[in-house]
Amino acid sequence: MYDLLDFGLNLKALGIGWGTLLMFALLVGLLLTGAPLAMVTLFVALIFAVGWFGPNAVPLITSRVYSFVSSFVFVSVPMFVLMAAVLDRSGIARDLFDAMKLIGGRLRGGVAIQTIFVAVILAAMSGIIGGEIVLLGLVALPQMLRLGYNRRLAIGVVCAGGALGTMVPPSIVLIIYGLTANVSVGDLFTASFLPGFMLAGLYILYILFRSYTDPNAAPAPPENPVILKDHLPLLRGLFLPLLVVFFVLGSIYGGIASVTEASAIGVAGVIFSTILRREFSFKMLLDASLHTLATVGMIMWIGIGASALVGVYNLMGGIRFISQLISGVSDSPTVIILFMMLILFVLGMFLDWVGIALLTMPIFVPIIKDLGYDPVWFGVLFAMNMQVSFLTPPFGPAAFYLKSVTPPDITLGEIFRSLVPFIVLQMIAVGLLVAFPAIAIH
């Protein structure tokens, strides 16, 4: 006991500046060993709780963790993950892609454009990116390669389009941000609606530009005119997905249901769709449930570790120290915002978005409020920044998701090179949101 108390007194004597440096070094060092982020953050939180305050501080960690996992809004996370898992195991995405031929059939680059439209609808149904990228990689990528699309353009469209789940409601990134920043998730969904479509629009403009300026980028559209009556059966693939999106988002925006209740409506809608399509089976539901359990378990453990670490660091006075440090970067609020975006961008190269949100938002959001900015707007800006992190190496989960379903001749390096133009478009979108906050908080 005396040794622990002596250790605490010695560690506290370092001061918050050296304590912050030591905590950061310990985090990085342990992560480099390959240890899971959740275990690393919990271990570091325990070390500093005992080392700074003594053994009696350990209950503070448990109280902090309980406040995170007991949030009612958090129930929506497994619901939306289950929606995505059921979608992944049904033929809804394939029929949806075929139905979108009515939109892109007469345009050069039409298949790439319809891929973006399908990605937006899938994002509005599920809210996560992994399943979407795998689905599009199985459905859209082979067709674009077969038709003679430029490989890098096709790869970039699938990865960037699949990552739109970060921005388009019901985004799980926004749900976690709302929990961390104590901001209404419904307000975040409303604010992210237009920026999400803006980013999808930038992708479509880029596809059209590449297709019409470079003959080798995309094949010419078919010469035969699209006859609507011949394609009416394809519209059946649009009906059920759009109905699910309407009920989920309509119930939230209409004030009929909370985000948590709407997520349950979405799960029921997707399962009912598979029953109508005669694709439902208890084996499929079991597989989807096990996938949901694994995904949500990972999110919860990261949340527990990050909440404990941030709680201990806050009691040490660290959040106030970092706030003063960031605020001292410049007298210009815009420069401070851009500096935060740079920090998030760098962290996104190495950490999962859940850990980034839970570790940084308790520090950043109070600064945003002090600067007079709307935390809802900053939440949308954070989600847009996480779009970039999904595509950038070396972590870039979007590239790894796609690599799992691509032909062997498509290397990981080629995938990352294909994403460069889309990363630039995402940065342009971040710049537009910083310059014109009304895009999100109109």
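**Figure 1. Helix α3 in the predicted model has the span its residue count calls for.** With 17 residues at 1.5 Å a residue, helix α3 (residues 37-53) should span 24 Å, and its end C-alpha atoms are indeed 24 Å apart, so the two values agree. Quite a list of α3 residues is buried: Leu37, Ala38, Val40, Thr41, Val44, Ala45, Phe48, Ala49, Val50, Gly51 and Trp52. Right after α3 comes Gly54, with a positive phi of about 100 degrees.

**Figure 2. A cis peptide bond sits between two prolines, Pro169 and Pro170.** Omega for this bond is about 5 degrees. As for where to look, Pro170 belongs to the loop between α10 (151-162) and α11 (172-181).

**Figure 3. Asn182 has a positive phi without being a glycine.** Its phi is near 55 degrees. You'll find Asn182 in the loop that runs between α11 and α12 (185-213). Is this residue buried or exposed? Asn182 has 70% relative accessibility, so it counts as exposed.

**Figure 4. The loop between α15 (259-276) and α16 (282-315) holds Arg278, another non-glycine residue with a positive phi.** Here phi is about 60 degrees. Arg278 counts as exposed because its relative accessibility is 80%. While you're in this part of the chain, have a look at Glu279 and Arg277: their side chains meet in a salt bridge, 2.9 Å from N to O. Both partners count as partly exposed, Glu279 at 25% relative accessibility and Arg277 at 23%.

**Figure 5. A salt bridge pairs Asp409 with Arg151.** Side chains of opposite charge can pair when their charged atoms come close. In this pair, the closest N and O atoms are 2.6 Å apart. What does the pair tie together? Asp409 is in the loop between α21 (397-403) and α22, while Arg151 is in helix α10, so the bridge links parts that are 258 residues apart in sequence. Neither partner is buried: Asp409 is partly exposed, with a relative accessible area of 48%, and Arg151 is also partly exposed, with 28%.

**Figure 6. Asp214 and Arg210 make another of the salt bridges.** The closest N and O atoms of this pair are 3.9 Å apart, which falls within the 4 Å cut-off for a salt bridge. Asp214 is partly exposed, with a relative accessible area of 24%. How many salt bridges does the structure hold? The count is five.

**Figure 7. Phe416 is a buried residue of helix α22 (residues 412-418).** Why does Phe416 count as buried? Its relative accessibility is 13%, and the cut-off for buried is under 20%, so Phe416 qualifies. Gly396 makes a handy landmark for this view: Phe416 and Gly396 are 20 residues apart in sequence, and their C-alpha atoms are 8.3 Å apart in space.

**Figure 8. Six residues form a nonpolar patch on the surface: Val329, Val335, Phe339, Leu342, Val346 and Phe350.** Together they offer about 500 Å² of accessible area. One of them, Val329, lies in the loop between α17 (318-327) and α18 (333-348). Val329 is partly exposed, with a relative accessible area of 40%, which puts it over the 30% that a patch residue needs.

**Figure 9. This view shows the second largest cavity, with a volume of about 30 Å³.** Rolling a probe the size of a water molecule over the atoms shows where empty space is left. The structure holds two cavities of 30 Å³ or more. Which residues line the second largest one? They are Gly348, Leu351, Asp352, Trp353, Ile356, Ser389, Phe390, Phe395 and Pro397. Two elements, α19 (353-370) and α20 (375-391), each give two or more residues to this lining.

Note on methods: Residues numbered from 1 in each chain as written. Heavy atoms only, no water. Helix = DSSP H or I, 4+ residues; strand = E, 2+ residues; numbered from the N terminus. Buried < 20%, exposed > 50% of the residue type's maximum accessible area, 1.4 Å probe, protein only. Expected span 1.5 Å × (residues − 1). Patch = residues over 30% accessible without salt bridge, like charges linked within 9 Å, V, L, I, M, F, W, Y side chains within 5 Å. Areas by Shrake-Rupley, 256 points an atom, 1.4 Å probe, with all protein chains shown as cover. 1 Å grid on protein atoms, 1.4 Å probe; cavity = no way out; pocket = protein on both sides within 12 Å on 5 of 7 lines; lining within 4 Å. Points joined across faces, edges and corners; volume = space filled by probe spheres on them.
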